[in-house]
Amino acid sequence: MHHPAFQHLRSHPVPALRLEFQEYRHRATGARHLHLAADDPHNAFMVAFLTVPQDSTGVAHILEHTALCGSRRYPVRDPFFMMIRRSLNTFMNAFTSSDWTAYPFASQNKKDFNNLLDVYLDAAFFPLLDERDFAQEGHRLEFAQPDDPNSELLFKGVVFNEMKGALSSPVQRLGQELQHRLFPTITYHHNSGGDPEAIPDLTHERLRAFHARHYHPSNAIFLTYGDIPAAEHQQRFETQALNRFQALTLDLAIPDERRLSAPLADLIHYPLDGTEDPSDQTHIVLGWLLGPITDPLATLRARLLSDALLDNSSSPLRNALETSELGAAPSPLCGFDTATREATFVCGLEGSNPEHAEAVETLVLEVLQQVAADGVPQEAVDAALHQLELSEREITGDGFPYGLRLLMEALTPAIHGADPLPALDSNPLLEQLRLESRDPEFIPRLARQLLLDNPHRVRLTMAPDAGLSAKQAAAERERLAAIRAALADADKTRLVEQARILTERQQRQDDPELLPKVGLEDVPPDLKIAEGVARPVGALPAAWYAQGTNGMVYLQAVLDLPALDPEELDLLPLLCACLPEVGSAGRDYRATQARQAAVTGGIGARASVRGEVDDVHRVKGVLVLTGKALARNQAALSELLWETLTSPRFDELPRLRELVAQMRAQREEAVTDHGHMLALAAASAGLSPTAALSHRWEGLQGLRDLKALDESLDDPAALAAFAARLERLRDRLQGAPRQLLVVSEAERREAIAAALATHWRDVATSKVEAFALAAPEASPARQGFSVNTQVNFCAKAYPTVAPNHPDAPALHVLGDFLRNGHLHRAIREQGGAYGGGAGYHPDSGAFRFYSYRDPRLADTLADFDRALDWLQGHDHPARTLEEAILGIIAAIDKPGSPAGEAIGAFFGALFGRTPEQRRAYRQRVLAVTLDDLKRVAANYLRPEQAHCAVLSNARTLAEQRDFTIVAI
């Protein structure tokens, strides 16, 4: 069944995904509707538009932000963030890609889904696009003291600061600059997110014109997933939007890029703090432009070639890059990418030097020539096909709803007019590839056609420049000074008046009842938690969870941590990182990596330490070895896990050296993407043992220690000693008490148990001294960490209570209450940060404030304090409490993948978060009152208890007072 305004084009079952693909076209406008009909109440929606900017002003990105700032039916200033508070959504966001803009959401509640659908449709097709919202979200000129025309003139705007933060990441800058050169003449030549140097050139009139041209139903794709019938969606599409439009002839299709006749080479620079040594900090990459992604079989062939070259450490190109002395690690850009209409392939090194550029290019081309001459082992091609099959079959959804993931996969070809069905039902193409790949010339032929004989290649070298950051800042100051010099008194008055009007708008309290909502009465009465059964494997305890995993098996070995001395504790995350990456069972690491790729979806290891629910200073810790596989390979998975634990090859010293260098490179490049998390860890480090451990393992302290280790391992004696320490720690853990966790479909249990019994049943364990953590050392109350960034990341933390304390639910609700009512306006809208908020962190027993990609520092820290003054100094409507509670309940109830829900339930119970505890906590959240919020804030969030940490550049930190400065 479908709505009469739509024409049904086709339906096609996709058994591997347990859904039916349905395709429709709107008769009047030509809008497309792709519906994935599934027996799943977790419904998802997305509307997407082909967007093709012709400059780097960020017009598509700023439009995405501004469209969500009020619409015809919902003329409130901030409907998007207001709906986050009035919803039980499992996901709400908007995305700007290089050639499309999309507005997705998901919800398990049908009333909520339809509420969000109404708001999203109105935002996309009938936004107000108010000039004041453009100034807030995009860019504006404003005086540092908005009412003082004699103060410094500044550029402000959320997207302006977001993109300053994004381009502080060397890898993001490198990717943008490479794309700029691979596409010299079409839309991808430009930065669709916006270049901070070009963003101030965008006018409000051009923004409105871009919307009129691109956000039309004739250029739209509607995508839906779940158990709501297509006809119901189409009824709302028609009545809420489409019946107001007629077809529009558009010429937005992206042409093929003009091909280079010969490869190019270029050298660019990125800012590096002047105190750092610039040696071994250069990125060198090669990029190729391939064919259009509208040909699904050709695209899959190219992906298979990329995987055969780069998938794991046994793959020839990845192995050459990992073992090369020309750099520290393979570039994070390595791989095949379909984010553009014509795909790209990239490979190269980071941690290199500019003079190695030609040598890196020679290395890559020699590997490709060898592959073209000799091919790769058939087993490697089969393993790459196996990985493609596994990725198609696995039901994900732990970080991003599964339905939305499928919609995104369909969108990529559909936005360019290609058939989206092969992106979802790839089995016929995989079978075709299996037949083609039996030809020994298959991979060599692809290597020649797509890479060696393809002159559209760019070699890009990006070297550090210690003075570039200061030059960029000076250029911005000079630009502003020139603007200021040209301002007449009337212009200055106008800027002061614009700032006043914007502030008034930001302070205005819109009527939230103009928007639809769900209430506490719509909250499900119970929390769904996966249930398992205990069934030992021999004498070994094992927990079994029967879940709909679509033919996948998940296996985890969980070892209790013994008491560890400080050196062993610091070594533990390194052991976890190395265990699955070295050889095992007598094989070298390349053979082991090949075996993993052939029969599993990956082997991993991690350490998990959490505070008790009644006392965060008492902890439990485990080492977890993880793996997943297609059901036909479950016996091989069990064997590989056993071999990884019992016989790792820590005698492979060059491999250990490579792994530490790769870890360092990955951690360093992640700093600006996760700066708020690093600041939160640092601010909390002195408040509880687990918080201190987080700073020590995943935080900035851990990064400093890792850098020191990496620099020491060039000494052969130090490398041998490191390997010996890993071996000793592994031996200590070998005898620790353990248990197994198995997640699969119920009918596979007997076969899995039989396979496990081969290795895991007769494990001798010994009683060990219980794991514990020392009380954290006192840390400075105000710490500043110097990193390479144009923006700041701020955090403030207070010690509070353990999860089972009666005040914990009120603290949990308080975080959302402060964000909704004060912090969002003060930090994002007025302060210009990309994000900010507050929350209770139960594992560390801390309450924490944060900001992300923030142009301010001291003022933001003051805003954290002003939020508490706002809480105590105002009367608050009852609905604001309900909105905060809804946000917490939505997060508690958010579903994961079938496997993820089972794994979460198991480890929750292991650490005292039993189903009974979790359900009781949820009920206490629902009972929180406004008086509770004020009381816990007064009791726990006292100024003398606060610890602050900020990440910024050295220049900004030097201007701060009372901060202990730490160089990273």
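**Exercise 1. Place Leu700.**
Decide whether Leu700 counts as buried or exposed.

*Solution.* Leu700 has a relative accessibility of 0%. Buried means under 20%. Therefore Leu700 counts as buried. Keep in mind that this is a predicted model.

Next, find its setting. Leu700 belongs to helix H25, which covers residues 700-712. Now look for contacts, leaving aside neighbours within four places in sequence. Leu700 then touches Leu678, His695, Phe785, Leu951 and Ile968. Finally, take the spacing to Arg667. The C-alpha atoms of Leu700 and Arg667 are 9.4 Å apart, and 33 residues separate the two in sequence.

**Exercise 2. Judge the whole chain.**
Work out why the chain is as compact as a globular protein of its length.

*Solution.* Start with the secondary structure: the chain has 34 helices and 28 strands. Then compare two radii. The radius of gyration is 28 Å, and the globule rule gives 30 Å for 968 residues. The two values are close, so the chain is as compact as a globular protein of that length.

Add the dimensions. The C-alpha trace spans about 80 × 65 × 60 Å along its principal axes. Then check burial: 60% of the 968 residues count as buried. Now turn to contacts with a separation of 6 or more. Residues 24 or more positions apart account for 82% of them.

**Exercise 3. Describe the surface and the charges.**
State how much area the chain exposes and how many charged side chains of each sign it has.

*Solution.* The exposed area is about 36500 Å². Carbon and sulfur atoms supply 50% of that area. Next, count charges: there are 96 positive and 129 negative side chains. The centres of the two sets lie 3 Å apart.

**Exercise 4. Classify two aromatic pairs.**
How many aromatic pairs does the whole structure hold? Describe two of them, Phe91 with Phe95 and Trp288 with Phe345.

*Solution.* The search finds 27 aromatic pairs. Take Phe91 and Phe95: their centres are 6.1 Å apart and their planes make 55 degrees, a tilted pair. Phe91 counts as buried at 13% relative accessibility. Phe95, at 21%, counts as partly exposed.

Now take Trp288 and Phe345. This pair is tilted too, with 5.9 Å between centres and 45 degrees between planes. Trp288 sits in strand S12 (residues 282-292) and Phe345 in strand S15 (residues 342-352). They are 57 residues apart, so the pair links distant parts of the chain. Trp288 is buried at 0% relative accessible area. Phe345 is buried at 2%.

Conventions
Residues are numbered from 1 along each chain as its sequence is written. This is a predicted model: local features need pLDDT of at least 70, side-chain atom pairs count only at pLDDT 80 or more; totals for chains, interfaces and linings use all residues. Side-chain values use heavy atoms; hydrogens and water are left out. Helices (H or I, at least four residues) and strands (E, at least two) are DSSP runs, numbered from the N terminus. The radius of gyration is taken over C-alpha atoms; the globule rule is 2.2 Å times the number of residues to the power 0.38. Buried means under 20% relative accessible area, exposed over 50%, partly exposed in between (1.4 Å probe, protein chains only). Contact means heavy atoms within 4.5 Å. Accessible areas come from the Shrake-Rupley method with a 1.4 Å probe; for residues, only the protein chains shown count as cover. Lys and Arg count as positive and Asp and Glu as negative; His and the chain ends are not counted. The place of a charge is taken as NZ of Lys, CZ of Arg, CG of Asp or CD of Glu. Rings of Phe, Tyr and Trp (its six-membered ring) pair if their centres lie within 6.5 Å; planes under 30 degrees apart count as stacked, over 60 as edge-to-face and the rest as tilted.
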